[in-house]
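Dear colleague,

Please find below the structure that I am handing over to you, together with its sequence. My findings follow directly after it.

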Amino acid sequence: MFETSYIELDKTALQHNYQFLRNLIGNDVQLSSVVKGNAYGHGLEKFISLSEACGANHFAVFSADEAYTVQQVKRPESGLMIMGMIDPSELAWAIENQIEVFIFDLERLEKALATSRKLQIKVKIHLELETGMNRLGLNPSEIEAAVALLKRYEDAYILQGLCTHYAGAESIANYVRVKKQIVTYNKLAKRLKQLGYVPQKYHTACSAATVSYPQTRMNMVRIGILQYGFFPTQETLIQYLKNKKEQIDPLKRVLSWKSKVMNIKTVEAGEFIGYGTSFLASRSMRIATVPVGYAHGYSRSLSNQGHVLIQGKRLNVIGMVNMNLMLVDLESTEGVQAGDEVVLIGTQGDTYISVASFGELSNQLNYELLTRLPRNIPRKVVE
Ligand SMILES: *Cc1c(COP(=O)(O)O)cnc(C)c1O
């Protein structure tokens with residue numbers, strides 16, 4: 001209510017995707033549902049409840065602020081881990097709330113352990129290893145020092161995980177680098193095991209690695225984009241379909257973005273439509289006004305380029321996308337009225353507008369387009 005557009009989350013689609021993932025990874029591998037970036041634009045709070053209803057019981061976020069939101073809505077028994085940023089001042093909060101944290105350097109390790117000892121609550125740590133992405137993680141040369149700290153604070157932690165992240169498992173171009181990372185990780189894991197450190201979870205795989213490098217699944221995977229119904233890249237989908245009988249995308253999109261027709265008018269041939277002169281009516285035209293514009297996240301670069309669905313038909317966005325409005329050519333439709341549903345992303349009848357089609361012009365990834373969907377668009381769950 002009181003919003004000009006809304007985002008629907010399809011429960012059936014999410015259930016379907018979790019079933020697909022379960023079949024892929026088997027029953028013995030923990031699935032951590034990655035919900036950073038406002039659950040890839042799906043809406044963090046709504047998505048948490050929905051995914052728990054579909055069987056998820058572990059979540060991964062980037063930062064403490066996201067963890068704070070998840071903590072408010074998740075079931076008490078669901079696990080929660082921060083893969084990235086926590087300010088040192090927020091560590092105590094994370095420890096008190098039993099939130100698992102990635103440890104990516106020795107300072108962070110010492111600070112976490114000392115805080116934990118002071119609070120008399122064990123900190124749940126995931127040691128992140130630098131294996132070749134050169135972003136975050138303990139260098140192989142720092143393992144001895146890390147072990148020394150763990151010895152010193154023996155009673156202060158639970159070794160929840162040992163992890164790393166691959167530098168581009170979604171593209172075969174990175175094959176050699178990823179393979180090297182796998183070797184490095186396995187070597188370090190073995191060394192730690194010999195020293196008596198066995199974490200509860202060994203985890204390295206994101207969506208792409210889960211599909212393309214099955215040996216990276218170990219006993220936990222961190223799945224973002226696949227659960228929302230997208231392959232990380234076309235390449236990963238092709239890799240998945242290799243040797244499959246049915247050559248169809250096995251996932252279902254969870255998200256749709258919808259609005260309503262606001263007004264309809266007829267414009268005579270020879271008239272310009274909207275601001276300026278970017279669109280000239282070459283015939284008498286019926287046009288619909290839709291109350292969504294760039295202020296709502298519908299890119300201005302889709303002026304005279306975008307498409308929407310009305311009556312199950314794919315129609316052209318004409319003229320400039322305004323701050324709060326866009327105009328649509330109603331050609332080939334009949335009897336469209338104010339209040340009729342307009343689909344900006346998603347399915348209507350047999351027709352579909354993909355997230356990616358938003359990005360054709362600027363070549364953005366699904367990841368970026370999804371996470372850019374504004375937070376203030378209401379999300380609702382449909383069964
Ligand atoms: C985002 C992220 C993931 C999930 O990536 P997907 O490609 O969406 O599955 C996994 N691990 C880390 C460390 C991440 O930052």
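**Findings: the ligand and its surroundings**

In this predicted model, a nitrogen atom of the ligand lies 2.8 Å from an N or O atom in the side chain of Arg-222. Two further contacts involve oxygen atoms of the ligand. One such atom is 2.5 Å from a polar side-chain atom of Ser-207, and a polar backbone atom of Gly-224 is 2.9 Å from an oxygen atom of the ligand. On its own the ligand has 390 Å² of accessible area, of which the protein covers 91%.

The ligand is located in the largest pocket. Around the ligand are Val-34, Lys-36, Tyr-40, Met-83, His-165, Cys-206, Ser-207, Arg-222, Ile-223, Gly-224, Ile-225 and Tyr-367. By character, the residues of this shell comprise seven nonpolar, three polar and two charged. As regards secondary structure, at least two residues of the shell come from α2 (36–40), and at least two from β9 (220–223).

Concerning the overall architecture, the protein is divided into two parts: domain 1 covers residues 11–241, and domain 2 covers residues 255–353. The centres of domain 1 and domain 2, taken over C-alpha atoms, are separated by 42 Å.

With kind regards

How values were computed: Residues numbered from 1 in each chain as written. Predicted model: local features only at pLDDT ≥ 70, side-chain atom pairs only at ≥ 80, totals over all residues. Heavy atoms only, no water. Near = heavy atom within 4 Å. Polar contact = N/O pair within 3.5 Å; in protein donor to acceptor, adjacent residues only side chain to side chain. Areas by Shrake-Rupley, 256 points an atom, 1.4 Å probe, with all protein chains shown as cover. 1 Å grid on protein atoms, 1.4 Å probe; cavity = no way out; pocket = protein on both sides within 12 Å on 5 of 7 lines; lining within 4 Å. Sits in = over half its atoms within 2 Å of the grid points. Helix = DSSP H or I, 4+ residues; strand = E, 2+ residues; numbered from the N terminus. Nonpolar A, V, L, I, M, F, W, Y, C, P; charged D, E, K, R; others polar. Domains from an automatic or database assignment.
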